[in-house]
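Take a walk through this protein model, one part at a time. Keep the sequence beside you as you read.

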Amino acid sequence: MPSLEESFTTAITKGKIPRTVLIATNKTGAFQYSKAFGPSSLHRIKNDLKLDVVFILASLTKLITTIAALQLVERGKWTLDENVFDILLELETLPILTHIKEGRAVLEKREKEITLRHLLTHSSGEYHASIGLPPTTSFPNVVNRFGCPLLFEPSVARIARTSLEDYYQQNIFRPLNITDITFWPERQPELNARLAGMTVRDSNVPDGKGKVLPYLGPNPSAYGTVPEFMKILQSLLADDEKLVKKETTVEMFQPQLNRESQRSLQENFGDINRSQLFIGKFPEHVQYD
């Protein structure tokens, strides 16, 4: 039976995955493992990947933003279940998508409020397809991003009155001595020089078996190295309260979705073409929340 490292090396050689950085630790930090595999890019000079390579963090950014939001809750700036319309007035007028009739969206006025808890449970409800947009469509700002009809009663909020970059740096990265995560790598030449090319699979091939291709599109997320991101995970695992209080960490990992949201999540991840974008193959017997 091949070792873990041999399995990753073979997968890269066969083109199943482009590259990877593996890193692991335990609660105390006594166990440490890290190794980089593969080339740094598919469409530029193919240097060997190093541990300090800078990746597009994509949805990993959501965890950092969740921590930022919960810090503000702890400081009394907001609450999890309070209406957010005084932060983003534009959201108050967004309608709800009830169904599609003869190829057109049927909308109705939204009656319920939108809360921070809705945002943190990723039940934002904006529905690109109802207005003919693909799920990966990029938007220039928060208002445009969520200017699509809402699929059900949920949420988006902006609770920090400063840029996310500045808030991250002062309240999350500095306490953990993180220097290699940012929204703006182009402003730091040394960091930008270590940026790895992002890849996607050929969407014309079904079941997620398409060839790995370079991705040259927009990126609305943070950039960073895997070891630096691991500092955030290690802090939460150790529950050292450098980022949030112990009771907040407990709340972060409690089930949050209502029955309707759970059902919707199961249905979406039951489609292999969708689930492989997020979690790989979705075991039908597993209930996600």
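Start with a pair of residues. In strand E2, Gln32 is the bridge partner of Thr25. The strands around this pair are E1, residues 20-25, and E2, residues 32-37. They run antiparallel, and six bridges join them. Between the two strands of this hairpin lie six residues. Look there for Gly29, which takes a positive phi near 85°. Keep in mind that the model you are viewing is predicted.

Now move on to a sheet. Strands of a sheet pair through backbone hydrogen bonds, either parallel or antiparallel. Here you find an open sheet of three strands, with antiparallel pairing. Its order is E3-E9-E6. Which strands form the edges? They are E3 (55-56) and E6 (181-182), since each of them pairs on one side only. Follow E3 across to E9, residues 223-224. Two bridges join these antiparallel strands. Ile56 stands opposite Tyr223 of E9.

Next, look inside. In soluble globular proteins, nonpolar side chains tend to be buried together. The largest nonpolar core of this model has 30 residues. Seven of them touch the most other members: Ile64, Ile67, Tyr168, Ile172, Phe173, Ile181 and Ile232. Four helices give two or more residues each to this core: H2 (61-74), H3 (116-120), H5 (164-173) and H7 (226-238). Which helix gives the largest share? It is H2, with six residues. There is also a second, separate core of five residues. Among them are Leu49, Val53, Phe55 and Ala196.

Go back to Tyr168 in the main core. Set aside its neighbours within four places in sequence. Tyr168 is then in contact with Thr61, Ile64, Thr65, Ala68, Phe173 and Phe183. Phe183 deserves a second look. The structure holds three aromatic pairs. One of them is formed by Tyr168 and Phe183, and it is stacked. The ring centres are 5.5 Å apart, with 25° between the planes. This pair links distant parts of the chain. Tyr168 sits in helix H5, while Phe183 sits in the loop between E6 and helix H6 (189-192). In sequence the two are 15 residues apart. Are they buried or exposed? Both Tyr168 and Phe183 are buried. Ring pairs also bring in Phe173, so that Tyr168, Phe173 and Phe183 are linked into a cluster.

Turn to a polar residue, Gln71, in helix H2. Why does Gln71 count as buried? Its relative accessibility is 1%, and the cut-off for buried is under 20%. What does the side chain of Gln71 meet there? It makes a polar contact of 2.9 Å with the side chain of Tyr167. A polar atom of the Gln71 side chain also lies 3.1 Å from the backbone oxygen of Asn171. Beyond neighbours within four places in sequence, Gln71 is in contact with Tyr167, Asn171, Ile172, Leu243 and Val244.

Finish at helix H9, residues 259-269. Its buried residues are Ser261, Gln266 and Phe269. Look down the axis of H9: these buried residues fall within an arc of 135°, so they line one face of the helix. What lies on the other side of H9? Arg259 and Glu267 are found there, and they are exposed.

Notes
Residues numbered from 1 in each chain as written. Predicted model: local features only at pLDDT ≥ 70, side-chain atom pairs only at ≥ 80, totals over all residues. Heavy atoms only, no water. Pairing = 2+ DSSP bridges. Core = buried A, V, L, I, M, F, W, Y, C linked by side-chain atoms within 4.5 Å. Buried < 20%, exposed > 50% of the residue type's maximum accessible area, 1.4 Å probe, protein only. Contact = heavy atoms within 4.5 Å. Arc of directions from axis to C-beta. Polar contact = N/O pair within 3.5 Å; in protein donor to acceptor, adjacent residues only side chain to side chain. Phe/Tyr/Trp six-rings, centres within 6.5 Å; stacked < 30°, edge-to-face > 60°.
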